[in-house]
Each structure stands twice: as C-alpha cells, then as structure tokens.
Amino acid sequence: GVVLVAPELAEAAGGAACRIVVDAPHEAMLRVLPSLYPAPPRVPGIHPTAIIGRGASLGRDVAIGPYSVIGDGAVLGDGVTIGAHCTIGAGVPIGEGSWLADSVTLYSGAVIGRRVRLHAGVRVACDGFGYVQTPAPAEAGRGGIVHEKIPHVGRCVIEDDVEVGANSTLDRGSIDDTVIGAGTKIDNLVHVAHNVRIGRLCLIMAQVGIAGSVRIGDGCILAGQVGVSGHHTVGDGARLAAQAGVFGDIPAGETWSGYPARPHKEALRAHAALFKLAGMMRRIEKLLAREDA
C-alpha cells in the first residue's frame, strides 16, 4: 500500500498510489523496518542448564541460553548474548554487545571484538588444513608416507562490527593469526583458511573459499563462490565477480571475473569468443566435407 521511492520515480506509472519520496530508499528502510517489526525484547540472565567454567568473567546484562558452555577463563563483555547450545572455549574473550546465535562454537584461540554477530553454526578458530608428508614409520608395517598434522597455535581474531553468516568456518592461524577486519560482513557457508588477513569493510558472499595466507585489502567485494588460491593478495577496493577463480594477485580497485580470473572486460571477450566456437566448427566441418568430396 505504501512504497518508498527515489525522486526520479515519484511520478512513474503503476505501483502503489501512496508514495513516500526520499533521496535514499534503502537507507530509509533502516529506520522504517525496526518501527514496523520491532526486535523481540532481550532478556538478560543465565539459563539454569548453562555451564560456566572456572574463572570465567561475565559482564553486566549478559544473556546465556540453554545448554551453552562457557569455558574456563572466558571473558564476556557487557551486554553479550549467547544463544542455545553454544560452546565458548577456554580463555576466549567476547567484546561488549556481541551476539551469538544458537550452536556457535568458538575454539580456544578465538578473539571476538565488540558488536560482532555470529549466526547459527559458525565455527571460529578451528585448526587449519596443514600437513607434512613424512615417511611411514617402519614399525607401522607399511611403506609409503603418512600425513603429519602441523599444530596450529595462532589465533583467529574477529574485529569490531563484523557479521558472519550461518555455517561459515574461520580457521585459526598456524603460527601467525587469522584476522577479519572491522566492519567486514561474511555471508553463509564461507570458508576462511589459516593465516588469512581480510581488511576492513569487505563483503564476502556465500560459498566463497579463501585459501591459506591470502591477503585481502580494505573494501573488497568477493561475490558468491569465488575461490582464491593460497598466498595471493587482493588489493584494496578490488571486486571479484561470482565464481571467479583467483590464481594470482589482484590489483587494487579493479574488477576481475572468470576462471582463471582475468580483468572483467577481458574475461567477457574470452567468453564471447568461446560461444562463437561452435558456429566456427560447423563451418570448418562443412569445408572439410567439401574437400573430401
């Protein structure tokens, strides 16, 4: 019945008769929606089924849901909300105003900043995927090699105002830290490997996979299903289109796409040439058939 419209659409035909003209409709929605759909009231307190470890520190007005476990020496800041069935590892600090949905797991080695939002099933500071191939011991009675696990002793640091979507996994560093910069937003089903550094105010969309020791600058956008191979750098403000496969460094401020990823216009020309290939093959086959005749 009522729509928010930009000035250039105020007189457009069709649509709702009642129009509220604003310069930035999306920004206006930030004020309208909380009024129309108020959030449920937050009730501080500790559910009787929650387990609080020895030496854990709880700030003012924390809310801890059913069957959650707060490890020894963990530190929860003021106003922290912990959903049901969460596990907070020993010594993990969580900054004030942060919110964890149900079934979030923070391994020891996680560091959570202020006003962080972690959705259901998020896992933070898991071991990274790191192994060394070594000869199998003689007493094992078999030849070949074994995969020896590299201990992971680094942290996974999530800075202030980060949001991480459901079932995403952020590994801890092997020796150095994995770091997610302040204000970055990560979608569902994203994997961030060990020692990755993501800058401030980035947007990482669904099913992105970032391999170990990648550096991503400030203000970058990685669209759905982007894959970045290890030890590369994505410059500040770079944009990677959906399903881009990155096998090298990406310059700051540029838009790349395709597999392997190339500058976007170059990738579009390559795709256009590929789509012409079928027609060219038919013409070549006709020419060959004439020669055979």
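**Close-up views of a predicted model**

**View 1. Glu-163 and Arg-117 pair up in a salt bridge, with their closest N and O atoms 3.6 Å apart.** This pair ties together distant parts of the chain: Glu-163 sits in strand E20 (residues 163-164) and Arg-117 in strand E15 (residues 117-118), 46 residues apart. Glu-163 is partly exposed because its relative accessibility is 26%. Arg-117 lands in the partly exposed class too, at 34% relative accessibility. Keep in mind throughout that this is a predicted model.

**View 2. Here the side chains of Asp-127 and Lys-149 meet in a salt bridge, at 3.3 Å from N to O.** Again, distant parts of the chain are linked: Asp-127 belongs to the loop between strand E16 (123-126) and strand E17 (131-135), while Lys-149 is in strand E18 (residues 145-149), 22 residues apart. Are these two side chains buried or exposed, or something in between? Asp-127 is partly exposed, with a relative accessible area of 34%, and Lys-149 is partly exposed at 41% relative accessibility.

**View 3. Asp-177 and Arg-155 make a salt bridge whose closest N and O atoms are 2.8 Å apart.** Both partners come from loops in distant parts of the chain: Asp-177 from the one between strand E21 (169-171) and strand E22 (178-180), Arg-155 from the one between E18 and strand E19 (156-158), 22 residues apart. Which side of the 20% cut-off for buried residues does Asp-177 fall on? Its relative accessibility is 14%, so Asp-177 counts as buried. Arg-155, on the other hand, is partly exposed, with a relative accessible area of 39%. If you're tallying charge pairs for the whole model, the count of salt bridges comes to eight.

**View 4. Gly-109 sits in the loop between strand E13 (105-106) and strand E14 (110-112).** Who touches this glycine, once its neighbours within four places in sequence are set aside? The contacts are Val-92, Ala-125, Arg-155, Cys-156 and Arg-172. Take Cys-156: although it is 47 residues away from Gly-109 along the chain, the two C-alpha atoms are separated by 6.2 Å. Arg-155 will be familiar from the previous view, where it bridges to Asp-177.

**View 5. Two non-glycine residues, Arg-115 and Asp-161, turn up with positive phi.** For Arg-115, phi is about 55°; this residue is in the loop between E14 and E15. Arg-115 is partly exposed, given its 38% relative accessibility. For Asp-161, phi is about 65°, and the residue is found in the loop between E19 and E20. At 29% relative accessibility, Asp-161 also counts as partly exposed.

**View 6. A cis peptide bond joins Tyr-259 and Pro-260.** Omega here is about -5°. Where along the chain is Pro-260? Look in the loop between strand E34 (255-257) and strand E35 (262-263).

**View 7. A nonpolar patch lies on the surface, formed by Leu-274, Phe-275, Leu-277, Met-280, Met-281, Ile-284 and Leu-288.** Together these side chains' residues offer about 680 Å² of accessible area. One of them, Met-281, lies in helix H2 (residues 264-292). Met-281 itself is partly exposed, with a relative accessible area of 39%.

**View 8. Helix H1 (residues 25-36) has the length you'd expect from its residue count.** At 1.5 Å a residue, its twelve residues should span 16 Å, and the end C-alpha atoms are indeed 16 Å apart. How many of the twelve residues in H1 are buried? Just one, so H1 is hardly covered, with buried meaning under 20% relative accessible area.

**View 9. Zooming back out, the chain has two helices and 35 strands.** Its C-alpha trace spans about 90 × 80 × 30 Å along the principal axes. The radius of gyration is 25 Å, whereas a compact globule of 293 residues would come in near 19 Å. Of the contacts with a separation of 6 or more, 12% are between residues 24 or more positions apart. Buried residues account for 38% of the 293 in the chain. As for the accessible surface, it comes to about 16300 Å², with 59% of that belonging to carbon and sulfur atoms.

Definitions and conventions: Residues numbered from 1 in each chain as written. Predicted model: local features only at pLDDT ≥ 70, side-chain atom pairs only at ≥ 80, totals over all residues. Heavy atoms only, no water. Patch = residues over 30% accessible without salt bridge, like charges linked within 9 Å, V, L, I, M, F, W, Y side chains within 5 Å. Areas by Shrake-Rupley, 256 points an atom, 1.4 Å probe, with all protein chains shown as cover. Salt bridge = Lys/Arg side-chain N within 4 Å of Asp/Glu carboxyl O. Helix = DSSP H or I, 4+ residues; strand = E, 2+ residues; numbered from the N terminus. Buried < 20%, exposed > 50% of the residue type's maximum accessible area, 1.4 Å probe, protein only. Expected span 1.5 Å × (residues − 1). Rg over C-alpha atoms; globule rule 2.2 N^0.38 Å. Contact = heavy atoms within 4.5 Å.
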